[in-house]
Amino acid sequence: MVNQDPIPGETGDGSESRVEALKQEIFYNIRFNLGLDPEEMNRYTCYMGLAFSLKNRLINRWIKTQKACRDNLSKRIFYLSLEFLPGRFLKNYIVSLDMEEVARKALSDLGFDLDAIEEEEWDPGLGNGGLGRLASCYMDSVARLRLPGYGYGIRYDFGIFYQVLKDGFQQEKSDNWMRRGNPWEIMRFENIYKVGFYGRSEAYTDILGNQRFRLVDTQEVMALACDMMIPGVGDEFVTNMRLWTATSSREFDLDFFNRGDYIRAAEDKVLSESISKVLYPSDESEKGKELRLKQQYFFVSATLQDIIFQYRKEYQSFDAFPDWAAIQLNDTHPTIAVPELMRLLMDDYGLSWYEAWSICGKTFAYTNHTVLPEALETWPVSLLGRLLPRHMEIIYEINQRFLDDLKKTYPDDPDLSGRLSIIQEGHTKRIRMAHLAIIGSHSVNGVAALHSHILKTSLFKEFNRIYPGKIRNVTNGITPRRWLHQSNPGLSGLITSVIGPGWVSDLSLLKNLIPYADDSRFQSQWQKVKFENKKRLARYTLRKTGKGVNPNSLFDIHAKRMHEYKRQLLNILHVIHLYAKIRENRADIPVARSFFFAGKAAPAYLQAKLIIKLITSVSETINRDPLVRGRLSVIFLPNYCISQAEKLIPAADISEQISTAGLEASGTGNMKFALNGALTIGTLDGANVEIMEEVGKENIFIFGLTADEVVQKKQAGYNPVRYYEDNPEIIKILDMIGSGYFSPENPRLFDPIVHSLLAGGDYYLVLADFENYAATQETVAKTYMDQSLWTRMSILNTANMGKFSSDRAVQEYADHIWAATPLP
């Protein structure tokens with residue numbers, strides 16, 4: 001057991017003394033960490049003072065946890081991800097430390113409100129969406145399960161862009177989340193590693209007569225470690241994310257400086273530090289592509305050097321390395337780790353190819369996150385060979401040995417080599433990073449049952465044939481600590497009042513809610529919690545957009561990254577359909593409805609940005625029309641982020657999960673909404689399939705083509721024009737858009753959208769699914785009118801979400817992939 005030395009405010013004394021101790025710590029931190037007068041405290045300085053108090057508690061626990069890891073000789077887990085989206089730390093740490101009551105009272109005594117203080121913290125936007133949030137959920141579960149695991153990534157100075165709307169168009173602003181400092185990080189100046197780029201590979205003979213290789217004439221960048229604590233819950237286990245920031249190997253060139261050329265003098269420092277400057281620089285230019293690849297290698301090289309440094313504190317030879325370390329590659333971004341570990345083992349530590357390759361194959365595991373062949377990452381051979389010449393040699397050698405084995409095993413299939421080769425031939429030779437990850441790992445997993453089935457039978461079917469059993473499934477999960485207990489305290493408290501607090505650590509215990517689904521008193525309490533959450537979202541919406549929302553209406557929420565396959569377009573077409581029906585007095589809608597959209601489009605994704613503009617234009621038209629006021633409203637909330645999601649998700653009545661079947665790997669937003677009692681309208685895509693199996697077909701609204709039917713329809717020659725001509729409602733909707741009804745100042749503005757649906761072939765089958773979607777939305781409205789039935793379905797959704805805990809997912813990784821055990 002990891003023990004905790006008593007520190008101020010965390011002793012076993014009474015709550016009043018704990019409150020007083022926390023206040024004194026806040027005063028101390030403001031005076032001695034910020035250098036300010038506590039008597040002139042404001043919200044920001046109060047936030048910083050409280051933050052330092054929480055971090056101090058966690059550091060003490062972290063030190064004891066690391067000692068316990070070393071004493072137990074536990075196998076370590078290293079989770080490599082180019083993205084993390086941890087969300088705000090303040091409330092998360094308070095909840096993990098079980099200090100909410102004490103913190104609220106202490107701040108109240110000082111004249112502040114905890115919820116207001118929380119708003120002082122800026123979301124660290126270190127990820128783009130689901131990939132980064134999944135990584136953060138998994139780190140939470142690693143800590144909850146007491147596994148000796150660590151997350152590794154990049155500490156970007158500027159995270160995912162800050163989205164603003166100007167005249168309804170998305171504009172990107174820099175996200176300087178560090179502008180007022182980051183009280184949570186610990187700079188590890190003793191953990192700094194040299195990372196080399198460019199140069200050339202030079203062969204030489206060592207003292208034993210063996211041919212070896214070394215990199216010479218490289219440009220060097222230093223990687224500095226920054227740690228952020230990840231606490232468990234219910235005990236004193238604390239692990240960490242280690243994020244790397246780039247620093248120059250020298251501050252400036254003194255020769256240039258002395259000659260008065262101050263810009264050239266600092267050029268090396270500026271170029272070096274640009275590596276960790278911004279999340280996902282645009283890769284439209286060659287310089288952008290090069291910077292992305294630099295980022296990937298930078299964090300991978302620093303991470304592997306750090307892992308080996310820790311390993312060699314305990315072992316001299318590398319014989320035990322695969323039994324000591326499990327390295328998980330979160331998507332293909334860290335795949336350069338395979339040749340980098342080979343390089344380190346062979347070139348720096350003198351292992352043979354056979355020894356190094358055996359270690360790599362037993363150490364790495366790879367998680368795939370896409371079913372789209374065009375989304376699989378590739379790099380030009382010319383770029384990688386110039387930036388990382390030694391790695392290019394190693395990749396060629398890996399590939400040649402793999403192809404030689406393939407020809408021996410499958411002599412009757414000569415074309416197999418071309419299909420599975422790491423090197424993709426063509427006008428521009430490219431490196432298939434997914435193929436490198438599969439060949440260099442002992443395990444490959446998809447992230448939902450349907451996704452993994454597609455990997456085995458379609459995307460990687462030939463790898464599945466030559467490596468039977470290597471591809472498996474681990475369905476994604478979410479942490480209930482943040483996504484219910486912390487973000488929805490009203491519902492969390494209600495659940496705990498009837499089944500106890502154990503569900504926070506064991507989500508399967510939510511099954512104990514099932515008997516309450518038909519309890520009228522409990523239903524009434526459930527409805528009250530939902531209404532309070534809807535009022536909170538309505539206040540937030542008014543503050544952010546200036547638009548009022550009726551909390552008595554049905555809240556239909558579509559919050560996720562903007563992409564055509566996620567089909568926000570299908571949703572807004574249906575909204576236009578409802579609006580047209582009311583305008584023409586053909587029908588009233590049975591219940592008032594408020595449609596919320598939130599999500600960012602990639603800066604270069606023009607079609608997705610135009611869809612945002614369509615949504616905002618429809619919103620402006622509908623919200624100013626007195627004929628539909630109170631019955632229909634549309635809101636686009638700008639700058640979707642974790643803290644915004646924590647307000648949207650608890651308030652949702654309906655969760656939109658309407659991607660084209662077969663294109664969403666898993667999704668985790670679907671899980672978060674359902675856990676909070678929202679009912680799903682969705683296709684049989686990603687994890688929606690498993691959610692339906694858990695909650696029951698009668699408690700979810702499924703529509704549309706299945707993944708197999710999508711394939712069949714495309715193979716048969718899908719013609720969207722036929723759907724347009726056969727459906728008067730679709731004609732009316734597209735004619736309204738195409739005629740400039742929603743853009744009178746520029747009637748042709750949305751022509752590219754109309755073109756994509758008709759002449760463009762409707763790649764994502766929006767029109768094919770529209771009629772069924774609209775009919776299913778009518779069923780939604782009718783069901784909502786029976787509030788007892790609706791609430792019963794909502795309770796049963798929450799009650800049956802136990803499978804989708806990230807604790808379950810991480811335990812599956814630990815049992816079946818990492819072979820890791822928790823600390824005793």
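**Figure 1. Surroundings of F298 in the largest nonpolar core of this predicted model.** Leaving aside neighbours within four places in sequence, F298 is in contact with I154, V195, F197, V221, M222, A223, W244, T245, A246 and I275. The core to which F298 belongs has 149 residues, and the members that touch the most other members are F197, F298, F321 and W818. A second core, separate from this one, has 67 residues and includes I589, V634, A661 and L734. In soluble globular proteins, nonpolar side chains tend to be buried together.

**Figure 2. The open sheet of 9 strands.** The strands follow the order 5-8-9-2-1-10-11-15-16, and the pairing in this sheet is mixed. Strand 5 and strand 16 (471-473) are the edge strands, each of which pairs on one side only, and the twist from one strand to the next averages 25°. Within the sheet, strand 2 and strand 9 run parallel and are joined by 4 bridges, with I154 standing opposite W244 in strand 9. Helix 33 packs on the sheet, where it touches strand 1, strand 10, strand 11, strand 15 (443-446) and strand 16, and its direction makes about 115° with that of strand 10. Helix 11 lies across strand 1 (76-80), strand 10 and strand 11 (364-367), and it runs at about 170° to strand 11.

**Figure 3. Strand 8 and the two strands that pair with it.** Strand 8 (residues 219-231) is mostly covered, since 11 of its 13 residues are buried. Strand 5 (residues 186-197) pairs with strand 8 in the antiparallel sense over 9 bridges, and K194 stands opposite M222 in strand 8. Strand 9 (residues 238-248) also pairs with strand 8 in the antiparallel sense, here over 11 bridges, and the bridge partner of C226 in strand 9 is L243. The hairpin of strand 8 and strand 9 has 6 residues between the strands, and in this hairpin G234 takes a positive phi near 85°.

**Figure 4. R155, a buried arginine in a loop.** R155 lies in the loop between strand 2 (149-154) and strand 3 (162-166). Its relative accessible area is 9%, which is under the 20% limit, and R155 therefore counts as buried. Not counting residues up to four places away in sequence, R155 touches M178, E185, C226, L243, W244, T245 and S276. R155 and L279 are 124 residues apart along the chain, while their C-alpha atoms are separated by 9.0 Å.

**Figure 5. Two residues that have a positive phi although they are not glycines.** Y198, in the loop between strand 5 and strand 6, has a positive phi of about 60°, and it is buried, with a relative accessible area of 16%. D331 is found in the loop between strand 10 (325-330) and helix 11 (337-348), where it has a positive phi of about 75°. D331 is buried too, with a relative accessible area of 14%.

**Figure 6. The hairpin of strand 6 and strand 7.** Strand 6 (residues 200-205) and strand 7 (residues 211-216) run antiparallel and are joined by 6 bridges, and the bridge partner of A203 in strand 7 is F213. The hairpin has 5 residues between its strands, and G209 in the turn has a positive phi of about 85°.

**Figure 7. The crossing of helix 6 and helix 33.** Two packed helices are described by the angle between their axes and the distance between the axes. The axes of helix 6 (residues 130-144) and helix 33 (residues 806-818) come within 9 Å and cross at roughly 75°, and the two helices are therefore roughly perpendicular to each other. In this contact, C137, Y138, S141, V142 and R144 of helix 6 meet S806, D807, A809, V810 and Y813 of helix 33. These contact residues divide into 6 nonpolar, 2 polar and 2 charged.

**Figure 8. The open sheet of 6 strands.** The strands are arranged in the order 19-18-17-20-21-22, with parallel pairing. The edge strands, strand 19 (632-637) and strand 22 (701-702), each pair on one side only. Strand 17 (residues 554-559) and strand 20 (residues 654-657) run parallel and are joined by 2 bridges, and the bridge partner of I557 in strand 20 is S655. Helix 22 (residues 568-583) lies across strand 17, strand 18 (593-598), strand 19 and strand 20, and it runs at about 155° to strand 18.

Methods: Residues are numbered from 1 along each chain as its sequence is written. This is a predicted model: local features need pLDDT of at least 70, side-chain atom pairs count only at pLDDT 80 or more; totals for chains, interfaces and linings use all residues. Side-chain values use heavy atoms; hydrogens and water are left out. Two strands pair if DSSP finds at least two bridges between them. Contact means heavy atoms within 4.5 Å. Axes are lines fitted to C-alpha atoms, for helices over the stretch in contact, and angles run from 0 to 180 degrees between N-to-C directions. Angles under 35 degrees count as roughly parallel, over 145 as roughly antiparallel, 65 to 115 as roughly perpendicular and the rest as oblique. Ala, Val, Leu, Ile, Met, Phe, Trp, Tyr, Cys and Pro count as nonpolar, Asp, Glu, Lys and Arg as charged, and the others, Gly among them, as polar. A nonpolar core is a set of buried Ala, Val, Leu, Ile, Met, Phe, Trp, Tyr and Cys residues joined through side-chain atoms within 4.5 Å. Buried means under 20% relative accessible area, exposed over 50%, partly exposed in between (1.4 Å probe, protein chains only).
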